[in-house]
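Trainee: I'm new to this one and would like to look closely at a single part of it. Could you pick one helix and walk me through its surroundings?

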Amino acid sequence: MKRLNKCFLVTAGLAAMLSFGCNNGGSTTATSTPSTGTTSAPTTPEPVAVGTPTVAAAPDAGFDNAKTQKGFADVQKLGKSPVAGDVEATKKGAELFATNCASCHGPGGMGDGPAGMALNPKPRNMTNSADYKYGHGELGIFRTTKYGVEGTGMAGWEGRMTDEECWQVVNFVRTLQKS
Ligand code: HEC
């Protein structure tokens, strides 16, 4: 603070050459003091910002591909998400995703979580709609989340998450889709 004031006075009151010298002094001081930026650096990955979906998808987009999967008829009857567009639900979904899904799918849904590395097939990269095998709209994601994908590491969350929680996660997964 003291130094800054002095700097200001010198800069304001004297010739440009002197103020240049003062700036130099300032920058050496800055590099020799411990950087607060380093100490406050996050040690865990930043959570993904929660927003609204940027990629449009009908509720049943790609859902027909899940015909042979568990729970298809039940989910089809539901028709649509009860919390579509509800940002509060999306925020809860983000927390549930970080706790339950990021270990395999990665914090940003890229399919790069440490627990997914050894799996075959690999966890889906959720950012690309075209990569979803069983629907990238809300019905498809809900069915996959609740009932899982047979014969893969993607186990259903029925019994571990309520339907309401599954829909919240669906909201969040929809926001991860970039194409
Ligand atoms: C143990 C690792 C693991 C965890 C934890 C996990 N998944 Fe998956 N997930 C997978 C794998 C493996 C696949 C790929 C399945 C396939 O290729 O058919 C997958 C695929 C998916 C898909 C894409 C399905 C499609 O249409 O292609 C969605 C959506 C999904 N998971 C949602 C979730 C959600 C939501 C959670 C958390 C509630 C979660 N997953 C937790 C392993 C995991």
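Mentor: Happy to. Let's take helix 7, and start at its end: just after helix 7, Gly148 takes a positive phi of about 80°. Most residues other than glycine have a negative phi. Keep in mind as we go that this is a predicted model.

Let's step back for the setting. The protein has eight helices and zero strands, so its pattern along the sequence is simply α-α-α-α-α-α-α-α. Of the 179 residues, 28% are buried. Take the contacts between residues at least 6 apart in sequence: 66% of them join residues at least 24 apart.

Now to the helix itself. Helix 7 covers residues 138-147, and 10 of its 10 residues are buried, so it is largely enclosed by the rest of the structure. You can tick them off in the viewer: Glu138, Leu139, Gly140, Ile141, Phe142, Arg143, Thr144, Thr145, Lys146 and Tyr147. The cut-off behind that word is 20 or more other C-beta atoms within 10 Å of a residue's own.

What does the covering? Helix 4 (72-78) and helix 8 (163-176) are among the parts that cover those buried residues.

Helix 8 first. Helix 7 and helix 8 pack at an angle of about 125°, and their axes are 9 Å apart. The two are therefore oblique to each other, and helix 7 passes helix 8 in a right-handed crossing. On the helix 7 side, the residues that meet helix 8 are Glu138, Ile141, Phe142, Thr145 and Lys146; across from them, helix 8 offers Cys166, Trp167, Val169, Val170, Val173 and Arg174. By class, the residues of this contact come to seven nonpolar, one polar and three charged.

On to helix 4, where you'll find Leu78. The C-alpha atoms of Leu78 and Leu139 are separated by 8.3 Å, though the two are 61 residues apart along the chain. Leu78 counts as partly exposed because it has 15 C-beta neighbours inside 10 Å, while Leu139 is buried.

A loop residue is worth a stop too. Phe63 lies in the loop between helix 3 (36-39) and helix 4. With 24 other C-beta atoms within 10 Å, Phe63 is buried. Leaving aside residues up to four places away in sequence, Phe63 touches Gly135, Gly137, Leu139 and Gly140. Look at the pair Phe63 and Gly140: they are 77 residues apart in sequence, yet 5.0 Å apart in space, C-alpha to C-alpha.

Last, the ligand. It is surrounded by 26 residues, and the closest are Cys101, Cys104, Pro121, Tyr134 and Met154. Helix 6 (102-105), helix 7 and helix 8 each supply at least two residues of this shell, and helix 7 gives the most, with four. The shell has 14 nonpolar, 10 polar and two charged residues.

One of those closest residues deserves a second look. Pro121 lies in the loop between helix 6 and helix 7, and a cis peptide bond joins Asn120 and Pro121, with omega at about 0°. Most peptide bonds are trans.

So, to put the picture together: helix 7 is largely enclosed, has helix 4 and helix 8 among its covers, and gives the most residues to the shell around the ligand.

Terms used:
Residues are numbered from 1 along each chain as its sequence is written. This is a predicted model: local features need pLDDT of at least 70, side-chain atom pairs count only at pLDDT 80 or more; totals for chains, interfaces and linings use all residues. A residue is buried if 20 or more other C-beta atoms lie within 10 Å of its own, exposed if 12 or fewer, and partly exposed in between; C-beta atoms are placed from the backbone. Two residues are in contact if their C-beta atoms, placed from the backbone, lie within 7 Å. A residue is near a molecule or strand if its C-beta atom, placed from the backbone, lies within 6 Å of it. Ala, Val, Leu, Ile, Met, Phe, Trp, Tyr, Cys and Pro count as nonpolar, Asp, Glu, Lys and Arg as charged, and the others, Gly among them, as polar. Axes are lines fitted to C-alpha atoms, for helices over the stretch in contact, and angles run from 0 to 180 degrees between N-to-C directions. Angles under 35 degrees count as roughly parallel, over 145 as roughly antiparallel, 65 to 115 as roughly perpendicular and the rest as oblique. A crossing is left-handed if the near helix is turned anticlockwise from the far one by less than a right angle, and right-handed if clockwise.
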